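Trainee: I am new to this structure. Please pick one part of it, look at it closely, and then show me how it fits with the rest.

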Amino acid sequence: MRETVRRHLGKVVAVAAVAAAGTAVLVGVALPGAGAGESGGRQANAAAQEQDAIARNGVVEEAPEEGAKGVGSDPLTDEEIERAEKVSVSAPMRSSARDVEGDRGPQLLSTNLSEPDPANVGAAAQRKAEVVYYDYKKDAVITKTVNLETGKVDDTTTAQNVQPPPSQEELVEGARLLIADPLGKGLKKDFKHATGKALTGPGQLELSGMVFRKETVERVPGKLAECGKHRCLQVVTKVKSGPWIDTRSLVVDLSAGTVGRLG
């Protein structure tokens, strides 16, 4: 569904442009020149007819049904994403790895179409998906390359001290830790000031964020010394349909379940 929305956004934009054109015409009709007379009336009628024609033609088309398989460099279909994620986690991996909440199985970070092998072109090029996980037990990034034609894992790489962008589940857990920590007192105070309500959970916030890279700051508190090896995030918080709350000075170490302050 996500990919379908992206692929058909152009149609919605086109219709919006048509609607905007119609509005411009209406403005012209609503503001005829003083003493325009018969000539002005004919112009207004012509503009109104043009507006009617635009309104009749400006119809949003239904998105075509998404197929089970994409072609070439098409974005992954929902079915391909589901199949790749299912195939990529073996029973031993599910048993040994841990996600951001400490549950069994690795934390899914992303699933994307792999870059094609330059040696294979045309019909020889097979569609593959790269599924990226984080194992909080070993603090390691695991990347699985799944061949969508054969339904098998072609390659597995494991790396430490590598920090891909965070998933939404990680941002939610980071916000939960912020709210529960004494350093989150300012966040809760600002939320109360903005809404008149107490902040009790991540569901009350809109969340975004980034991986914290300690080499970008001059002084790193001892609590954050393991960041880079550990999974550390700066969570950006916003009141739903409300203002942003500045939490940039706070860093969440998801691996240790702790919060540190910069500066």
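Mentor: I will start with an open sheet and then move outward to its surroundings.

First, the ground rules. This is a predicted model, in which local features need pLDDT of at least 70, side-chain atom pairs count only at pLDDT 80 or more, and totals for chains, interfaces and linings use all residues. Residues are numbered from 1 along each chain as its sequence is written, and side-chain values use heavy atoms, with hydrogens and water left out.

Now the overall count. The protein chain has seven helices and nine strands. Both are DSSP runs numbered from the N terminus: helices are H or I with at least four residues, strands are E with at least two. Of the 263 residues in the protein chain, 33% are buried. Buried means under 20% relative accessible area, exposed means over 50%, and partly exposed lies in between, using a 1.4 Å probe and protein chains only.

Here is the part itself. Four strands make an open sheet, in the order β1-β2-β3-β4, with antiparallel pairing. Two strands pair if DSSP finds at least two bridges between them. β1 (107-113) and β4 (152-159) stand at the edges with a single partner strand each, so one side of each has no neighbour in the sheet. On average, neighbouring strands here are turned by 20° against each other, direction ignored. Axes are lines fitted to C-alpha atoms, for helices over the stretch in contact, and angles between N-to-C directions run from 0 to 180 degrees.

Look at β2. Six bridges join β1 to β2, and the two run antiparallel. Find Ser110: opposite it, in β2, stands Val132. On to β3. Strand β2 (residues 128-135) and strand β3 (residues 140-147) are antiparallel and joined by eight bridges. Tyr134 has Val141 in β3 as its bridge partner. β2 and β3 form a hairpin with four residues between them. In that turn, Asp139 has a positive phi of about 50°. β2 is also mostly covered, with six of its eight residues buried.

Next, what lies over the sheet. Helix α4 (residues 78-88) lies across β1, β2, β3 and β4, and runs at about 50° to β2. Contact means heavy atoms within 4.5 Å. Just before α4 comes a loop to note: Val71 lies in the loop between α3 (37-57) and α4. Val71 has a relative accessible area of 61%, so Val71 counts as exposed. Val71 and Gln126 are 55 residues apart in sequence, yet their C-alpha atoms are 9.4 Å apart in space.

Now follow β2 inward. In soluble globular proteins, nonpolar side chains tend to be buried together. The largest nonpolar core here has 25 residues. A nonpolar core is a set of buried Ala, Val, Leu, Ile, Met, Phe, Trp, Tyr and Cys residues joined through side-chain atoms within 4.5 Å. Leu178, Val235, Val252 and Leu254 have the most contacts inside the largest core. At least two residues each come from β2, α6 (168-180), α7 (185-195), β5 (205-211), β6 (232-239) and β8. The largest share, five residues, comes from α6. A second, separate core has eleven residues, among them Ile81, Ala84, Val89 and Ala129.

Take α6 next. Its buried residues include Leu171, Leu177, Leu178 and Ile179. The buried residues of α6 pack against β1, α7, β5, β6, β8 and β9. Val235 touches this helix as well: leaving aside neighbours within four places in sequence, its contacts include Leu171, Gly174, Ala175 and Leu178, along with Val252.

Two more spots finish the tour. Strand β8 (residues 250-253) runs antiparallel to strand β9 (residues 258-261), with four bridges joining them. Asp253 has Thr258 in β9 as its bridge partner. In this hairpin, Gly257 takes a positive phi near 70°.

Last, the disulfide. A search of the whole structure finds one. The test is a pair of cysteine sulfur atoms within 2.5 Å. Cys227 and Cys232 form this disulfide, with their sulfur atoms 2.1 Å apart. The angle about the S-S bond is -85°, a left-handed link. Cys227 is buried at 3% relative accessibility, and Cys232 is buried at 1%.
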